[in-house]
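Me: I am new to this structure and would like a close look at a single part of it. Please pick one helix, go through it residue by residue where you can, and then place it in its surroundings.

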Protein chains: 2
Amino acid sequence: MKHWNRIDESSSWPSILARRAEDLAGVLTPERIASRSIPAGGGLSYSYAAMDADDTTIAMLASVAKELDLVGQYQAVATGQAMNPGENRMVLHHIARGTPFGPVVKDGRDYRAFYEGERMRAAAFADRVRSGTVVGSTGKRFERVIQIGIGGSDLGPRALYLALEQWARERGRLSLRASFISNVDPDDANGVLSGLDPETSLFILVSKSGTTQETLANEALVKAWLSSKAGIDPSRHLVAVTSESSPLARNPGYLDSFYIDDYIGGRYSATSAVGGVILSIALGPDTFEAVLRGAAEADEAALEPEMGKNAAMMDAMLGVFERDVLGRPSVAVLPYSQALSRFPAHLQQLDMESNGKRVDRYGEPARVPSGPAVFGEPGTNGQHSFYQHLHQGTDIVPLQFIAFRKNQTSFDPEFEGSTARKKLNANLAAQIVAFAVGKDDQNPNKRFPGGRPSSLLIGDELDPKALGALLAHYENKVMFQGFAWNLNSFDQEGVQLGKKLTSAVLASNGPTDPALAAYARLLGAL
Amino acid sequence: MKHWNRIDESSSWPSILARRAEDLAGVLTPERIASRSIPAGGGLSYSYAAMDADDTTIAMLASVAKELDLVGQYQAVATGQAMNPGENRMVLHHIARGTPFGPVVKDGRDYRAFYEGERMRAAAFADRVRSGTVVGSTGKRFERVIQIGIGGSDLGPRALYLALEQWARERGRLSLRASFISNVDPDDANGVLSGLDPETSLFILVSKSGTTQETLANEALVKAWLSSKAGIDPSRHLVAVTSESSPLARNPGYLDSFYIDDYIGGRYSATSAVGGVILSIALGPDTFEAVLRGAAEADEAALEPEMGKNAAMMDAMLGVFERDVLGRPSVAVLPYSQALSRFPAHLQQLDMESNGKRVDRYGEPARVPSGPAVFGEPGTNGQHSFYQHLHQGTDIVPLQFIAFRKNQTSFDPEFEGSTARKKLNANLAAQIVAFAVGKDDQNPNKRFPGGRPSSLLIGDELDPKALGALLAHYENKVMFQGFAWNLNSFDQEGVQLGKKLTSAVLASNGPTDPALAAYARLLGAL
C-alpha cells in the first residue's frame, strides 16, 4: 500500500500557514468574478471570486494539492485500490454511476456490472409498480412509497427526492409520492403512517447489514400496522435494499430485494440502490439515470489535475485554508432553492461523518484541525434567521451558496415589477457583496465589517442532472479534504461506543455502569 | 437609564478565565446526576451533571451572574423598562403570556390587556373556523390553514405546530392541518399549494410591518392562485397578523386582522398572535393557552435569584463558560423527539439573531466572543449522521439534549424485548455517558477521548405545557446570555444591508456597484 504524506509534510505548508485572509474590499471586480469560475459538471459552475484567498495563497494551495497527489489518490480509490492500512476495503461509489470509471474486478466479481445490474433490476421493478403490474395484497395499485432507513439510508435519498418532487410533479413524472421513516422514536413512524392507507402503501426497508436497530424496530411497527388491516399480507408491501450476506437478502418476507455491498458507504450511497429504488419508483427510472449522469460528469470534472480547473479540488483546498490557516471551525451551506431544504442535512452527515476525525489513517493524532461543523438552511429563509450572526457575529463562518437561474415550477406572477425568482436571486447577489465588502456607518450597531468569504455553485435549473452533479461535487470535495488531512474518510468508528452502551441499557440484566444506569433511570429507560 | 457592567468588569471574571474543563471521567456519579438538576417550569428539569464545569467554576459563574444582576435586568425588561441606549423600545414578549408579569402601561395603553384581548379575539375566531361558522367564499368549510410569513413569523410557529401535530391528532384535537409558506423562492409556495384546494384553504398573512418583501410576494402569488378558481373571493380566504400601523391593518382585503406591536420581536413572537392565530385554529384555543401557561411557568422559574435554582440562568452561564473560557464556538441542540424536528431551526434564529453581535449595547466592540453558532437534528437520526464529528472530531461541541419519558402517540409494539420509546431513551443515556467518559482502545481509530460536555432538558411528555416551557426556557437563556455579554439581544441590524442592496438590484435602473451588477447578472437577476 502506497504511503501518503501528511499536509504539514508538504513543502508549501509552512508558507501557507503564514498567509492571511485577503481583504475583499476593492478586489471584487467583474473581471475577477468572470475569471474565478470552474465548470463542475452537470451544467454547474463553481465561483470562488468572493473567497478571501489571494492568487498567491491559491498557488500555494495548488502546489500542496499536487504534492499530496489528490487526483492520484482519487484515481486509486475509484479504481478499487484499498487506501487505508489495517482494512482491505474498496470504496466504489464512483463506479456505481459509470463513466469515467470501471470496470473494477475482484474475486471474480465485476463490480461495475453488479451495481449496473441492480440499477436495471430496480428500474424494471419501478416500472412494474408505476404501471400497476405489481399491486398490493388486496389488488389495489400502490399510491405511496415509504423508505424505512436511517443515516445514509435516509438523508441522501430524502434530500434528492425533495429536490426533485416539484420538478417531477410539474412535468407529470411524479407517479407515487414518497415519504421517509427514520427515527426510532415511534412518533416518527406514527406521524408518517397517519396519512397512509395500508392497501396502497409500499415500503422499502434499507439496511446494508440488515441489523440496524432503528430500521428493524420501525419495520416491526410498520408490519404490525399493515397486519392490523384485514387481508393485508405485509410481505407483499415490503421490499428490501441490503447486502447479499444480510438476513434480509432473498427472504420470503419481501416482495423483492436489491443489493449493495460494503464497498459503498452509507453517506455515499444515494446513487446506489439505497437511493435508486425509491427515486426510480417515485420519479421514474429515467430521472434516476439522469441523476447518475450528472454525478458522473462531476466525477469526471474532479479528475482534472490542475486545481484551477478542478472545482471540487479548489473547493476542498479553500476549505482547508479557512479551517487550518484562518482558524474557522464551521461552514454554512446556503442553497437559494427551497427544493434543497434537506440538502444541508445530507451534507452535514457527508462532511462531519467523513472528516470529523482526530486520528489520521496511520493512527497518529491529526496535526491540524480536520472537518468543520456544517449547518445551513435555504435562503432567503436564513436571511431572516441566523444571518445576523454571519454578518455581525464575533466569528467568521465561510459560506457556501448554491443557486439556479430558473424555477422548477412555472407559476411565478410578477409583483411590484419583478418575479419571485428575480427577487430570490437579487437577494443572493446582495448577500454575497454585503458579506464580502460590508459597509461603514457612524452607528457601530449598523457597521458591517465585511471580509466574510463565500463561494457559489450556480446552475441553470435544478433538474436531475444538475442535482447529481451537485451531490457528487460535494462527495468529491469531502474526499479531497480527507486526502489532504490524511484521514480515512470512509469509516465511522465514532458511532460504535454509543451502540455498545445502548445494548448494555437494553440488556435483560441492565447496565453495570452506575452513571449509565442513573441516566437510563432518569430517562425512564430502565 | 441604568448602566450595566461588562462581563470582564465583574470581579470574578479574571479567575474564571483561568479555569479549565473539568475531567468528566469518574465524576459522573448517581449522586451528581441526582443533585445537578433544576426545575425549569412546565414539568421540565434541567440536568447539568455532564457539563464540564466543577463546583468552584459554577460558584464563580454564579457570582458573575449576581454582580451583573441578570435577574434584575430580566425584571426590568419584563416590566417595560427600555434597556438599550439610543432606542426607547420595550421588550414585552413575557407579558404576552401573563403571570408573573404585568400590567405594563405606557401612553395610556395597558399592554398586558392588549395582548390578552388579541389572544381572546383569535380564540373566538378560531372557534368559528373550527365549528364551520366562518366558511370559504363558496360556502365550504375550511380544511387547511396556511401561514405566510418568514423568520420569526415562520420558524417558531412552525416548530410549535410540528411539535404538537401528532399529539393533537391522537387526542382528536387536530381540526385543520397547518402548512407554512416562507421562502420567496416560488417553488416553496407552489409546492405547498399543489396539495391544496382553494375553496377549503384559509391563509394567515403574518408581517409586523406589513412590508416584508418575501411575505407580500407570496401573498400576491397565493391571491393569483385563489382567483384562478371561479367563484373564489381571496379576501374571504385571508386573515392578517400585523401591527395596527401597517397597511394590512383594518384592510377590507382580509377576513379579519389580529394585532401585535413593535415591542414583541419576531423571534420572540411565537406566543403572541404570530403563533397564536394558527395554533388556535389548527390545534384549538385551549391548546394554545396551555402553551402560554407552560411558558409563564418557565418565566417564573427564571426569576429565581440563586443560579443554582434557576435553570435558564445556569444554562446561560455554563454556555458563557464554554464559549469564552473553553473557546468553543458552536452548540448542538439534539432533541430525542421527532416532533421537535424543526425546533433546532427555531433556536438557530433565536440564539444567532439575538446574540450574534460584535458590538455591545454601548457601541463598543465585544470584549469576549458572543453568541455561538447553533445547529442540530433529532436523535437518534443525528447518531447516524454528524455524531462521528461530535465524538471524535478535533473540536469539542457542547451538546444540549432534550428528551421525554413518554411518547406522544400510543402505537409502540415491543420488538426484541423493548418498545421503541425504551430504545430511543436508552440510546440517549448511552450517548451522554459515551460523550462524557469516552473509552480507551489499543486501536487509535476506536479510541474515544470523552470530555465532551452535555446538558439535558427532560420532561414526562411533550404536551402543550411542556412545549411552552421549553420555548421560554431557551428565550430566557438567550436573554441572560445577552445580558452577560452586554448585548442588545432584541435588535437585528445585521439584516439591513442585504435588504438595501437587494433593492438596488431590483431598482428600475439597476445597481451602480459593479460587483453587485456582475453577481446579479451571473445569477440571472439583471
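Reply: The part chosen here is helix H8 of chain A, and its buried residues are A:Gln213, A:Glu214, A:Thr215, A:Ala217, A:Asn218, A:Glu219, A:Leu221, A:Val222, A:Lys223, A:Trp225 and A:Leu226. Keep in mind that the model is predicted. Because 11 of the 15 residues of H8(A) are buried, the helix is largely enclosed by the rest of the structure.

The length of the helix can be checked. H8 of chain A covers residues 213-227, and at 1.5 Å a residue these 15 residues should span 21 Å; the end C-alpha atoms are 21 Å apart, so the two values agree.

Next, the cover. From chain A, the elements over the buried residues of H8(A) include strand S5 (144-148), strand S6 (177-181), helix H7 (186-193) and strand S7 (201-206). Chain B also takes part, through its helix H14 (420-437).

That leads to the contact between the chains, which takes 119 residues from chain A and 119 residues from chain B. On the side of chain A that touches chain B, helix H14 (residues 420-437) of chain A gives the largest share, 15 residues. This side of chain A has 55 nonpolar, 44 polar and 20 charged residues.

As for the wider setting, chain A has 17 helices and 13 strands. Its radius of gyration is 24 Å, close to the 24 Å that the globule rule gives for 526 residues, so chain A is as compact as a globular protein of that length. Of the 526 residues of chain A, 64% count as buried.

Methods: Residues are numbered from 1 along each chain as its sequence is written. Chains are lettered from A and ligands numbered from 1 in the order in which they are written. This is a predicted model: local features need pLDDT of at least 70, side-chain atom pairs count only at pLDDT 80 or more; totals for chains, interfaces and linings use all residues. Helices (H or I, at least four residues) and strands (E, at least two) are DSSP runs, numbered from the N terminus. The expected span of a helix is 1.5 Å times one less than its number of residues. A residue is buried if 20 or more other C-beta atoms lie within 10 Å of its own, exposed if 12 or fewer, and partly exposed in between; C-beta atoms are placed from the backbone. Two residues are in contact if their C-beta atoms, placed from the backbone, lie within 7 Å. Ala, Val, Leu, Ile, Met, Phe, Trp, Tyr, Cys and Pro count as nonpolar, Asp, Glu, Lys and Arg as charged, and the others, Gly among them, as polar. The radius of gyration is taken over C-alpha atoms; the globule rule is 2.2 Å times the number of residues to the power 0.38.
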